[in-house]
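Q: Could you zoom in on the place where the small molecules sit and walk me through what's around them? I'm a first-year, so please explain terms as you go.

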Amino acid sequence: MKEIKHYINGAYVGSASGRLFDNINPANGRVLSKVHEAGREEVDAAVRAARAALKGPWGKMSVEERTAILHRVADGITARFDEFLEAECLDTGKPRSLASHIDIPRGAANFKVFADLIKNVAAEAFEMATPDGAGALNYAVRRPKGVIGVISPWNLPLLLMTWKVGPALACGNTVVVKPSEETPTTTALLGEVMQQAGVPDGVYNVVHGFGGNSAGAFLTEHPDVDAYTFTGETGTGETIMKAAANGVRQVSLELGGKNAGIVFADCDMDKAIEGTLRSAFANCGQVCLGTERVYVQRPIFDEFVARLKAGAEQLVLGPPDDATSNFGPLISLKHREKVLSYYQKAVEDGATVITGGGVPDMPAELAHGAWVQPTIWTDLKDDSAVVTEEIFGPCCHIRPFDSEEEAVALANSLPYGLASAVWTENVTRAHRVAGQLEAGIIWVNSWFLRDLRTAFGGSKQSGIGREGGVHSLEFYTEMKNICVKL
Ligand SMILES: NC(=O)C1=CN([C@@H]2O[C@H](COP(=O)(O)OP(=O)(O)OC[C@H]3O[C@@H](n4cnc5c(N)ncnc54)[C@H](O)[C@@H]3O)[C@@H](O)[C@H]2O)C=CC1
Ligand SMILES: O=C(O)/C=C/C=C(\O)C(=O)O
């Protein structure tokens, strides 16, 4: 059986404790590999390696040399595209069509974009007057923040991990990554690519394990990490923030959502249906930006519900190696329990189940997989847990509204504020509504259209800080003002 080891100081190493855990294929429940679980000892070794590497060749490189290496990392991912694709699909069960268009290409792009950005970004300068008339000149320089702890989730493993590692390395930092215990493989594989691309030892380190009382907690409690970047559940974000408060370390948190889609009667119905289908069901609903609450203006409500139902029922469930499938399993049986508990709650709360609501019949070889039906409900009250809590599954509740004000109030009614989608052909209304929505990302007549130069992150309990473009540079560098008296 294949073993997945930590990658520390440029070498793959096992755990001193010898503790291993199973990496399960969620499509069929079989064990894919055995993963070494890091103890404090391995986490400490990884942090020490990262600290030392800041003072080694990496810290002395020019921006040009560093960014040339990051381009080679991106090219290395592309050269081994099929290996990354296979690993990501086995770990997550997601369709190849999805991972080959989004996850793996973004893994490479995340290095190129930030390598190019760091070369071209200017820093500020201010001339100031002084009483003696000679003046002074202030100018800013950016310096790496230091050792960055990266804690990444399982839904878009390579994409979200490199979204943090790409800019962190472009800015000259070193990293210790703790990938999700559910999806360790592509993060481990990236170590080989880093080595071949000429990334010095200790710059990219990986420790495997779980969250609480395991590698995740050991990393966030480690006093020699300078900052943390995390994507995942809001509660986990709170725990990490508390740990980071010791020593006043900075955090960038991209957390949960319960995102609203608002569909006006003047929308282009074909586009709204296509976009809402993707936003509710892509990646089996396991995208933090996904739409779990759909508000539809009353004149088109029945037609919208009927068409979304038809679209959901056309999804083809199947494992990644089935080229006809476009809908995979959830990440694990444990996560399926959580999603099914909301399916049950919806019925208890009086929902009309428009489609789905349970576990599909799958062929015998997939019977132990984490399969669940795409599900649509109507008729729930606004305070039902199904409508207010993040489910992170392939499901949405559709509710009618009458006025624009009502739709905005409903969308803004929860403590989350990650993303929203607005569907209307009225440009004035689109701008007006987008301006009022309390969310970090608003899509108008689209969903998951990503320009990596833009600010990305959540408001309210959906996160702290923004990454993307220059915002990533803000987080991953320390800006220093130098004031020269002339
Ligand atoms: N992208 C997103 O927004 C994601 C949201 N979720 C949400 O979170 C729910 C629970 O899923 P989990 O995998 O348990 O998410 P999680 O937020 O607990 O896990 C994400 C990462 O954090 C690590 N982690 C967990 N506890 C930690 C701790 N105390 N200290 C340091 N690191 C820790 C995990 O090992 C993993 O690498 C899901 O049902 C979903 O609602 C989960 C994954 C991604
Ligand atoms: O950076 C992106 O394009 C995608 C981000 C998606 C998430 O953060 C998520 O699903 O957790």
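A: Start with Arg-450: one of its polar side-chain atoms is 2.6 Å from an oxygen atom of ligand 2, a polar contact (a pair of N or O atoms within 3.5 Å). This is a predicted model, where local features need pLDDT of at least 70 and side-chain atom pairs need 80 or more, while totals for chains, interfaces and linings use all residues. Residues count from 1 along each chain, chains are lettered from A and ligands numbered from 1 as written, and side-chain values use heavy atoms, leaving out hydrogens and water.

Back to ligand 2. Glu-254 also joins in, with a side-chain N or O atom 2.3 Å from an oxygen of ligand 2. Then there's Asn-155, which puts a polar side-chain atom 2.9 Å from a ligand 2 oxygen. On its own, ligand 2 would have 310 Å² of accessible area, and the protein covers 99% of it (Shrake-Rupley method, 1.4 Å probe). Its shell has 13 residues, and Arg-106 and Cys-288 are among those that come nearest (a residue is near if a heavy atom lies within 4 Å). Sorted by type, those around ligand 2 are 8 nonpolar, 2 polar and 3 charged. Domain 1 (3-256 + 462-485) and domain 2 (260-444) each chip in at least three residues to this shell.

Now look at Asn-155 again, since the side chain of Asn-155 has an N or O atom 3.3 Å from a nitrogen of ligand 1 too. For ligand 1, Thr-236 has a side-chain N or O atom 3.0 Å from one of the ligand's oxygen atoms, and His-335 brings a polar side-chain atom to 3.4 Å from an oxygen of ligand 1. Alone, ligand 1 exposes 800 Å², and the protein buries 89% of that.

Who else is there? Ligand 1 has 26 residues around it, with Trp-154, Lys-178, Glu-181, Glu-233 and Lys-338 the closest. They split into 10 nonpolar, 11 polar and 5 charged. Four helices and strands supply at least two shell residues each: α8 (215-220), β11 (227-231), α9 (234-245) and α12 (333-348) (DSSP runs, at least four residues for a helix and two for a strand). Of these, α9 gives the most, with 3 residues. And because domain 1 and domain 2 both give residues to this shell, ligand 1 lies between them.

Terms used. Polar contact = N/O pair within 3.5 Å; in protein donor to acceptor, adjacent residues only side chain to side chain. Nonpolar A, V, L, I, M, F, W, Y, C, P; charged D, E, K, R; others polar. Domains from an automatic or database assignment.
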